[in-house]
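Open the model in your viewer and follow the selections below in order. The tour takes a single chain, then the interface.

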Number of protein chains: 2
Amino acid sequence: MPPDRFTLGLVQMAMDDNSDANRSHALDMVAQAAQQGAQVVCLPELFASRYFCQREDAAAFDHAESFDGRTMRTCGACAEKYGIVLVVPFFERRAPGLYHNSVAVFDADGVCLGHYRKMHIPDDPAYYEKFYFTPGDLGFQSFSTRFGAIAPLICWDQWYPEAARLAVLRGASALLYPTAIGWHPHEKAAYGPAQFDAWQTVQRGHAVANGVYVAAANRVGLEPCDGQPGIEFWGASFIADPQGVLLAQASHDKEEIVLAEVDLAHLETIRRNWPFLRDRRIDAYQGITERFLDAPAKTAPDAMS
Amino acid sequence: MPPDRFTLGLVQMAMDDNSDANRSHALDMVAQAAQQGAQVVCLPELFASRYFCQREDAAAFDHAESFDGRTMRTCGACAEKYGIVLVVPFFERRAPGLYHNSVAVFDADGVCLGHYRKMHIPDDPAYYEKFYFTPGDLGFQSFSTRFGAIAPLICWDQWYPEAARLAVLRGASALLYPTAIGWHPHEKAAYGPAQFDAWQTVQRGHAVANGVYVAAANRVGLEPCDGQPGIEFWGASFIADPQGVLLAQASHDKEEIVLAEVDLAHLETIRRNWPFLRDRRIDAYQGITERFLDAPAKTAPDAMS
């Protein structure tokens, strides 16, 4: 049986152009997190490189690696060395011309429990991910680790209530979102605060709606692109409890370790007092699998007679 | 074609033991809202009575009325008189022993466009709704009114992302939640702020996840029950924009009209820039219609091969 509580640690870091240096720096920060008591540690999305999706460049596929590549081997060894669960985002090369934005989960003995492939792929100015990543085909998963059941999801997934719900229905006690999100510098003054607040609010909403811990591990720093200002990653990695209460939050501009405790007794108390899972109308949710419900209510999939 | 913007008004009111007085007072406040420019007005849940669900009492079924009862007739006339859309919660008597917690929607010509029956029914200490209300069987709906497409949902529904999503997939520009929620006085000091914040956060989360306006019309005031302190309804009726930004919010303790503009151009802009509906993985959401996903990922409904 896993223990009834564990310490979750998020690595908020800045990346440079040297992938070897990024990997090494990430593992240093993982070691720091472990030394500070973290038992489950999550790295940011695509931590081994700068956020190359700011432009479409076929050469950037060189950053990808196979599931048994270098990042995986070193991270597995790191998990075993410190006796921690390690959540490792990587750019997955599955076959020539077939790539995913993925996360591997290593248990505390260094064994890889499996991986998750980002299901929702964005495509917005400077976030050209549809060029690089095939949408995931492994569904939404929860992994039973030595310390507890965790569900890795990735960045754009964080806007989707369906993803959070399905991960919780699989048994997850904590949703972990490795992330790469930031401001367009020219928009920050006018729209930045509302954008950041919407991002945190929708995730805290998942915590509330599902009675689950939610954590986001973001990168930080300005990454210019093609002589333009690029993206200012907004950091603010955070951990919220099953009522959406912020337990810990990093700054917007510095590398940090974020630590908080996941307490299954607290989760149980919240779910007993706010029993949303009890009352779900699973007889009436069929329309969720439709793109849009254009038809009149009386004939469409979620209607009942 | 409906106009590209309309003013939404919420009535936040206190109820006493006299249903006639409650109805009359509610219609006075609707008139005030109309005079202040509201074009779509929403009343609080079960506004014609005190919140009788604080205890289980078969005599309380006397509060129920048929779909063509007194509340409906007077509200239809009120909608026509002021040329407003009126969202009218009522305790629906459908047949002997068959009751619903419902909402009727009157268009600005006084014609009733249909009604919604609360789909998710709570049952918590002092909220014994499962004793009174049969779960709704009309599904999640959006009504096309003179001023725009609105979806009525009711109180406990507000914790369910599925309800918000399905209403938006039906075309709603605004989700309207008539509500009766408050603090147990003995819990307020310790848990009150987190409870209120969770309630507002999950609804603002629906606004963000769906790019939709969200409004909650709550009652206010202390309603004692059987010599006990009862429930202190927390008011704070609010309207949030499609990015979750609070446009207006009432106090915790006073009767008020809450007004804000629903702007379809703003909604369009937010949805273009945060195109969550575009990327939904409708091929992978089947598990949403399951109670829990106990089975291994590789054989369960939301997995893919």
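In chain A, residues 24 or more positions apart make up 68% of the contacts with a separation of 6 or more. The model is a predicted one, so keep that in mind throughout.

Stay with chain A and colour by secondary structure: six helices and 15 strands appear. Reduce the view to the C-alpha trace, and chain A spans about 60 × 45 × 40 Å along its principal axes. The radius of gyration of chain A is 19 Å, which agrees with a compact globule, because 305 residues in such a globule would give a value near 19 Å. Colour by accessibility next: 62% of the 305 residues in chain A are buried.

Now show both chains and select the contacts between them. On the chain B side there are 64 residues, touching 63 residues of chain A. About 5900 Å² is buried between chain B and chain A, with 59% of it on carbon and sulfur atoms. Select B:Arg170, B:Ile288 and B:Arg291: in chain B these lose the most area to chain A, together 12% of what that side buries.

Turn to the charged pairs. Between chain B and chain A the count is eight salt bridges. One to centre on joins A:Glu162 to B:Arg280, with the closest N and O atoms 2.9 Å apart. Residue pairs in polar contact across this interface number 30.

Finally, select α4 (161-169) and α5 (185-210) of chain B, each of which supplies at least two residues of the side that touches chain A. α5(B) gives the most to that side, with 10 residues. Coloured by class, the side of chain B that touches chain A shows 35 nonpolar, 13 polar and 16 charged residues.

Note on methods:
Residues numbered from 1 in each chain as written. Chains lettered and ligands numbered in written order. Predicted model: local features only at pLDDT ≥ 70, side-chain atom pairs only at ≥ 80, totals over all residues. Heavy atoms only, no water. Contact = heavy atoms within 4.5 Å. Buried area = accessible area lost by both parts, 1.4 Å probe. Salt bridge = Lys/Arg side-chain N within 4 Å of Asp/Glu carboxyl O. Polar contact = N/O pair within 3.5 Å; in protein donor to acceptor, adjacent residues only side chain to side chain. Helix = DSSP H or I, 4+ residues; strand = E, 2+ residues; numbered from the N terminus. Nonpolar A, V, L, I, M, F, W, Y, C, P; charged D, E, K, R; others polar. Rg over C-alpha atoms; globule rule 2.2 N^0.38 Å. Buried < 20%, exposed > 50% of the residue type's maximum accessible area, 1.4 Å probe, protein only.
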